[in-house]
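Visitor: Could you take me slowly through a single part of this protein, and then show me how that part connects with what lies around it?

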Amino acid sequence: MLQALISGSSVSKLRAKLKQHPYGNRLSYVVLAEDTQVENIVHHQQWLKAESAEAFYRQSLTKLPWQQHTIKIFGKTCLEPRLSLWIGDANTAYRYSGEWRTPLSWPSFLLPLKFAVQQKCGQQFNSVLLNYYRDGHDYMSWHSDNEKQLGKQPVIASLSLGQARRFLFRNKSKDQKHEYLLEHGDLLVMNKLCQDQWQHSLPKALRIKQPRINFTFRYTMPDD
Ligand SMILES: O=C(O)CCC(=O)C(=O)O
C-alpha cells in the first residue's frame with residue numbers, strides 16, 4: 001500500500017526537469033544527486049509518485065478548512081502571509097507566535113501519507129503543520145523550528161506539493177547557505193541537529209501565480 005505512493009527517480013530525469021524549472025538559469029544552487037545529504041538535511045526528489053502527489057494536492061486544496069492566522073512581528077499584529085492548519089493527535093496543542101493552536105483530528109486521506117513519511121524517516125510523527133502559499137506573494141521568513149514542544153533536536157519531514165518554490169538555509173554560526181528547489185512530491189528531511197545549526201525560509205517569488213502546499217510532519221510533546 002505505502003509502496004504504491006512512493007516513486008524512485010533517476011538523476012538524469014531530475015537534470016532534465018531542472019532545465020525547465022521556473023527560475024531558468026538565474027540560481028546558483030546545485031542538485032547534487034538524489035537523496036543528497038548536506039549536514040542534517042536530506043532532499044528526496046520526486047519522492048511521491050506523480051499521481052499520488054496530484055491526489056494529495058487536490059484533496060488538500062479542496063477538503064481542508066484552511067485558516068489565516070495573525071502573527072506578531074516586532075510587536076505589531078498582522079495577517080500571516082499564507083494560510084495554515086494544525087493537525088494532530090488530541091494532545092498536541094501547538095504554540096506559535098504567542099497563540100495556542102489546538103489540533104484538528106487527522107482527515108482519513110492524510111493517514112496513508114503520514115505512515116509513508118514515518119516509514120521513510122524511521123520515526124513516529126503525531127502532528128503536522130500544513131501551509132498553503134496562495135501564490136508567490138505568500139512566504140515564510142527566516143526561522144528555526146525550535147519550539148519547546150518539539151523537544152530537543154527534532155526530526156522534521158517536509159513534503160511539498162504544487163508549485164515549485166525556492167527553499168533556503170543559512171547556517172547560524174558559519175557563513176554557509178544552501179538553496180533547494182522544492183518541487184511537487186519532494187520530501188525534505190531536517191534531521192536532528194538541523195534546527196540547532198540552521199535557519200530556513202521560503203522567500204517571496206512575485207512572478208509565481210500558482211499555489212504550493214507544504215506539510216511539515218513533527219513529533220510534538222503531548223501537552224498532558
Ligand atoms: O513551506 C515550507 O516549505 C516550510 C514551512 C516552514 O518552514 C514551517 O512551517 O516551519
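Guide: In this predicted model, β11 and β12 form a hairpin, with five residues between the two strands. Strand β11 covers residues 165-171 and strand β12 covers residues 177-182, and the two pair in the antiparallel sense over six bridges. One pairing to look for is that of F167, whose bridge partner in β12 is Y180.

The hairpin does not stand alone, since β11 is also joined to β14 by four bridges, and these two strands again run antiparallel. Here you can pick out L168, whose bridge partner in β14 is S201. If you compare F167 with its neighbour L168, it helps to keep a general rule in mind: in a regular strand the side chains alternate between the two faces of the sheet.

F167 also leads us to the ligand, for this residue belongs to the group around the ligand, which further includes L129, N131, M140, D145, S158, H200, L202, N214 and T216. In terms of chemistry, this shell divides into four nonpolar residues, five polar ones and one that is charged. Strand β14, which we met as a partner of β11, is one of the strands that supply at least two residues of the shell, and β8 (127-133) and β15 (212-218) do so as well.

From the shell we can follow β8 onward, because that strand is tied to other parts of the protein too, as you can see from the six bridges that join β8 to β5 in an antiparallel arrangement. Within this pair, L85 has L130 of β8 as its bridge partner. Strand β5, which spans residues 83-88, is mostly covered, with five of its six residues buried.

L130 brings us to the largest nonpolar core, which has 42 residues, and L130 is among those with the most contacts inside it, together with V117, V128, A157, L188 and F217. The strand that gives the most to this core is β8, with five residues. If you look at F217 and leave aside residues up to four places away in sequence, you will find that F217 touches K114, V117, F125, V128, I156 and A157.

Stepping back to the whole protein, you can place these strands among a total of four helices and 15 strands. Buried residues make up 32% of the 224 residues, and among contacts between residues at least 6 apart in sequence, 77% join residues that are at least 24 apart.

Technical notes: Residues numbered from 1 in each chain as written. Predicted model: local features only at pLDDT ≥ 70, side-chain atom pairs only at ≥ 80, totals over all residues. Near = placed C-beta within 6 Å. Nonpolar A, V, L, I, M, F, W, Y, C, P; charged D, E, K, R; others polar. Buried ≥ 20, exposed ≤ 12 C-beta atoms within 10 Å, placed from the backbone. Contact = placed C-beta atoms within 7 Å. Core = buried A, V, L, I, M, F, W, Y, C linked by C-beta atoms within 7 Å.
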